Amino acid sequence: MTTRPSTAPFSIEDTAHAWVPHGHFTMQGAPSGPLAGLRFAAKDVFDIAGHTTGAGNPTWLATHAPAEQHSPLVAQLLAAGAALHGKVISDELAYSIHGHNLHYGMPLNAAAPDRIPGGSSSGSVAAVAARLVDFALGTDTGGSTRVPASYCGVWGLRTTHGLLPREGLVPLHPSFDTATWFAHEARTFARVADTLLPAQAFTPRRALRLEDAQAEADATFAPLLDRAAAALQAQLGTAVEPALAAGVGATLEQWRQHYVAWGAHEGWETHGAWISAHQPAFEDAIAGRWQAASQVSPESASAARAAGQAVRERVRALVGDDTVLLLPSAATVAPLRDASGPEIDATRMRTLRICCIAGLAGLPQVSLPLRTAEGLPAGVSLIGPAGSDQALVHLAVQVWERLQAVPA
C-alpha cells in the first residue's frame, strides 16, 4: 500500500476544460527535491492511490476499484517535490490522437482555440498549454504525446519503449505503450527529464533528415525543418544529410499498416473481454477501431509483428549509437475543431505514417515547439538511439535555444 502524501484543496480554475470530474484533488509532494515548487497533472490512465482510474470511459471507472498504490512515476514525482493536481482527460482507452472524448468533451487548445488539442493525452496537453500546471504526465503509443505537443505548441516526448515503468498504467498496445510528459517551458521539461530518466552517454556525430517523413507533412513544415536542420548542424558541427526512413522498395504506409495490425490485435487481447462483457459507449471512430481490432486474426497479427520487427532493425541500424534523425512531429498543424470526419481521417493516416517510425523502432523522440509563418503551433522532432532519452532532451533544448536566437 502506498502512503499518500498530504492533501490540499483543489484550487485550479479549469479554463481549459481539461480535468475529469473525478480528478479534482491535490496531493502535496515532498517538502524539498529537484521538482519542488512545480505542479503537475496526470492523464487519467495513471493509478493514484485511493482514486479510481477512469481511462477516459465512465464504464471503466464504474467497473474498477480504487488504486491501492501510485504509479511508480507518480510516486517518483511526488518524492521529488512536485505537487499533483488531479487527473485530466484521456481519449477513451487512449485509442485516438484526436482529442475528443464522447463523455467528457474536448479540452481547449489554448495556443489555437479554434483547433483541436490532439489526443489521446488531450487533457494533459491542454492543461500544460493553458499554463494551469507546469507539466503533465501523458502516454504515447502511436503518437499520443508527440502529436498533441505539436498541435498545442509545447514540449513532448516519446520515451524509449520500456525505459520508464508502465506498472499502474492502463495499457493500450503493450508493445508500443510508453509513459511520458509535456511541459510548456524548456527548462521545466529538462528538469523532469533529469528526474525521471536514467543518464546514458550519447555523443551525436551524425544527423539525418528523413525525406519520406517530411513528404507526409504539409509544406508549411519545410521552412521549420530547414531552420531546425541549420541549428542542429551548428550544434553538432556536422552537416544534416538527407535520408529515407523506409528505404528503397518500402513505404511509410506499409509501416503504418504493420503498426495498426500488430497494435490492434494486442489491444483486443488486452481489453476485448472487458469490452465484450460491459459494452461501453465509445466515440464513433474509437468504436470503429475496436470493432476492427476484434477482427484481426492471429495470423495477420503475427505477420505484422514480424514485418514490424524488421522495421525496428532497419531504423535502429540507421540510428546506430551516434545519429539523430530530424522529422516533423505531425503531418499538419492542428485541424479545426469543426473539421469533417474524412478530413480528420486523412490527417490521422498521414500523421501515423510519421509517428510509426519511432513507434515500431521503440526509440525516443522529442518534439520541439515551433510556429509556422502564420503563427500556428507546429512541432519538429529529433529521434535518437535507444536509451539516449535524457541526452536527447538536452540536445533538443540546445537546438531550440539556437532557433530562438535567430529570427525566423
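## Val 393 in helix α12

Val 393 is buried, with a relative accessible area of 0%. This is a predicted model. The residue sits in helix α12, which covers residues 389-405. Its contacts beyond four places in sequence are Leu 157, Phe 189, Ala 190, Ala 193 and Val 366.

Leu 382 is 11 residues from Val 393 in sequence. In space, the C-alpha atoms of Leu 382 and Val 393 are 8.9 Å apart.

## The nonpolar cores

In soluble globular proteins, nonpolar side chains tend to be buried together. Here the largest nonpolar core has 103 residues. Trp 181, Trp 255 and Ile 357 have the most contacts inside this core. Helix α8 gives the most to the core, with eight residues. Another core, of 27 residues, lies apart from it. Trp 19, Ala 126, Ala 129 and Ala 330 are among the residues of that second core.

Ile 357 touches residues from several parts of the sequence. Leaving out residues up to four places away, its partners are Leu 210, Ala 213, Ala 245, Leu 252, Trp 255, Val 315, Leu 327 and Ile 383.

## Helix α11 and its two partners

Helix α8 (residues 252-278) crosses helix α11 (residues 341-361) at roughly 75°, and the axes come within 8 Å. Angles of 65 to 115 degrees count as roughly perpendicular, so α8 is roughly perpendicular to α11. From α8, the contact uses Leu 252, Glu 253, Trp 255, Arg 256, Tyr 259 and Trp 262. From α11 come Met 349, Leu 352, Arg 353, Cys 356, Ile 357 and Leu 360. By class, the residues of the contact of α8 with α11 are nine nonpolar, no polar and three charged.

Helix α10 (residues 298-319) also packs on α11, at an angle of about 90° and with the axes 8 Å apart. The helices α10 and α11 are therefore roughly perpendicular to each other. Gly 308, Val 311, Arg 312, Val 315 and Arg 316 are the α10 residues in this contact. They meet Ile 357, Leu 360 and Ala 361 of α11. The contact of α10 with α11 has five nonpolar, one polar and two charged residues.

## Arg 209, a buried charged residue

Arg 209 is in strand β8, residues 206-210. Arg 209 is buried, with a relative accessible area of 15%. Beyond four places in sequence, the contacts of Arg 209 include two acidic residues, Asp 226 and Glu 241. The others are Gln 214, Ala 222, Leu 225, Ala 229, Val 240, Pro 242, Ala 243 and Leu 326.

## Backbone features between β4 and α3

Most residues other than glycine have a negative phi, and most peptide bonds are trans. Leu 93 has a positive phi of about 55°. Ala 94 has a positive phi too, near 65°. Leu 93 is in the loop between β4 and α3, and so is Ala 94. Leu 93 is buried, with a relative accessible area of 1%. Ala 94 is buried as well, at 10%.

A cis peptide bond joins Gly 119 and Ser 120, with omega about 0°. Ser 120 is placed in the loop between β4 (83-88) and α3 (122-129).

## The annotated Amidase domain

An unreviewed UniProt entry lists "domain: Amidase" for residues 29-204 and 301-392. Residues 29-204 are 22% helix and 15% strand, with the end C-alpha atoms 36 Å apart. Residues 301-392 are 48% helix and 22% strand, and the end C-alpha atoms lie 32 Å apart.

Definitions and conventions:
Residues are numbered from 1 along each chain as its sequence is written. This is a predicted model: local features need pLDDT of at least 70, side-chain atom pairs count only at pLDDT 80 or more; totals for chains, interfaces and linings use all residues. Side-chain values use heavy atoms; hydrogens and water are left out. Axes are lines fitted to C-alpha atoms, for helices over the stretch in contact, and angles run from 0 to 180 degrees between N-to-C directions. Helices (H or I, at least four residues) and strands (E, at least two) are DSSP runs, numbered from the N terminus. Angles under 35 degrees count as roughly parallel, over 145 as roughly antiparallel, 65 to 115 as roughly perpendicular and the rest as oblique. Contact means heavy atoms within 4.5 Å. Ala, Val, Leu, Ile, Met, Phe, Trp, Tyr, Cys and Pro count as nonpolar, Asp, Glu, Lys and Arg as charged, and the others, Gly among them, as polar. UniProt positions are given in the numbering used here, feature names are shortened, and annotations may be inferred rather than shown by experiment. A nonpolar core is a set of buried Ala, Val, Leu, Ile, Met, Phe, Trp, Tyr and Cys residues joined through side-chain atoms within 4.5 Å. Buried means under 20% relative accessible area, exposed over 50%, partly exposed in between (1.4 Å probe, protein chains only).
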